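Student: Please take a single part of this structure and examine it closely. I would like to know how that part is held in place by its surroundings, in one connected account.

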Amino acid sequence: MSKLEHQPVIDKLESIRALYESSHGPFYLFAYVKPAESPLWDVLIAAPWLDDKLNGNYRNVVKSVQNTLTTDELLGIGGVVHVRSDSLVVDDIAMRFATSKGPVELRNDQIGRIALDRGYVLESLSGVASKAA
């Protein structure tokens, strides 16, 4: 699939990202990626306000993804994956893309130990740098 084929999903994910960012604060990572070893895509999300699993924010973001994407679009997604905001994965992406509002396309790349065929970074902020500021 070309970027144009993914644009409807990217646009919908971007609207979800913007909605939660306006009410909860920034995501340190919001990405739509296809791991090399999987036929499915994943949505990677990281934010300090997601790190407390008891507050229900992660569950709310997942429900928003489920309610916004079509059935066919959802069938192509393996999951919405929470990555801790202080994770090295978040900082790895942030170091490569600085502060980025995407989408920035990834091809044959690697995030941490995960090889990717393709992906789109919709937002990237450094968790460690943001905490130190």
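Tutor: Two strands are said to pair if DSSP finds at least two bridges between them. With that term in hand, the part chosen here is strand 2, and the model in which it is described is a predicted one.

Strand 2 covers residues 41-46. Its first connection is with strand 1, residues 29-35. The two strands form a hairpin, with five residues between them. Their pairing is antiparallel and extends over five bridges. One of the positions can be named: A31 has L44 of strand 2 as its bridge partner.

Strand 2 also pairs with strand 3, which comprises residues 77-82. Here the sense is parallel, again over five bridges. Within this pairing, V43 stands opposite V80 of strand 3.

Is strand 2, then, mostly covered or mostly open? It is mostly covered, since the buried residues number six of six. The side chains are divided between two directions: W41, V43 and I45 point one way, while D42, L44 and A46 point the other way. Neither set is exposed, for all of these residues are buried.

The two directions may now be followed in turn, beginning with V43 and I45. The largest nonpolar core of the model has 22 residues, and V43 and I45 are among those with the most contacts inside it, together with L13, F27 and Y32. Several elements contribute to this core: helix 1 (3-24), strand 1, strand 2, helix 2 (57-68), strand 3 and strand 5 (114-124) each supply at least two residues. Helix 1 gives the most, namely five residues.

I45 illustrates the surroundings in detail. When its neighbours within four places in sequence are left aside, I45 is in contact with F27, L29, F30, L50, Y58, V61, V80, V81, H82 and V83. Apart from the largest core lies another, of 14 residues, and A46 is one of them, as are L106, L116 and L125. I45 and A46 point in opposite ways from strand 2.

W41 adds an aromatic element to this picture. The ring of W41 and that of Y32 have centres 4.4 Å apart and planes at 20°; planes under 30 degrees apart count as stacked, and therefore this pair is stacked. Y32 has a relative accessibility of 4% and W41 a relative accessible area of 8%; the limit for burial is under 20%, so both residues are buried.

A search of the whole structure finds five aromatic pairs. Another of them is formed by Y20 and W49, with ring centres 6.2 Å apart and planes at 10°, so that this pair is stacked as well. Y20 belongs to helix 1, and W49 to the loop between strand 2 and helix 2; the pair therefore ties together parts that are 29 residues apart in sequence. Y20 and W49 are buried. They also belong to one aromatic cluster with F27 and F30, and F27 and F30 appear among the contacts of I45.

The partner strand 1 has a further connection, which leads to strand 5. Strands 1 and 5 run antiparallel and are joined by seven bridges. In this pairing F30 stands opposite E123 of strand 5. Eight of the eleven residues of strand 5 are buried, so this strand is largely enclosed by the rest of the structure.

Two polar residues of strand 5 deserve mention. R118 is located in strand 5. Its relative accessibility is 9%, so R118 counts as buried. The side chains of R118 and Y120 are joined by a polar contact of 2.8 Å. S124 also lies in strand 5. With a relative accessibility of 0%, S124 counts as buried. The side chain of S124 reaches the backbone nitrogen of A94 at 3.4 Å.

A94 leads to helix 4, residues 88-97, whose buried residues are V90, D91, I93 and A94. Seen down the helix axis, these residues fall within an arc of 165°, so they line one face of helix 4. On the face turned away from that buried side are the exposed residues L88 and M95.

In summary, strand 2 pairs with strand 1 in the antiparallel sense and with strand 3 in the parallel sense. Its six residues are buried.

Terms used: Residues are numbered from 1 along each chain as its sequence is written. This is a predicted model: local features need pLDDT of at least 70, side-chain atom pairs count only at pLDDT 80 or more; totals for chains, interfaces and linings use all residues. Side-chain values use heavy atoms; hydrogens and water are left out. Buried means under 20% relative accessible area, exposed over 50%, partly exposed in between (1.4 Å probe, protein chains only). Helices (H or I, at least four residues) and strands (E, at least two) are DSSP runs, numbered from the N terminus. The arc is that of the directions from the helix axis to the C-beta atoms. A nonpolar core is a set of buried Ala, Val, Leu, Ile, Met, Phe, Trp, Tyr and Cys residues joined through side-chain atoms within 4.5 Å. Contact means heavy atoms within 4.5 Å. Rings of Phe, Tyr and Trp (its six-membered ring) pair if their centres lie within 6.5 Å; planes under 30 degrees apart count as stacked, over 60 as edge-to-face and the rest as tilted. A polar contact is a pair of N or O atoms within 3.5 Å; within protein, one must be able to donate a hydrogen and the other to accept it, and residues adjacent in sequence count only if both atoms are side-chain atoms.
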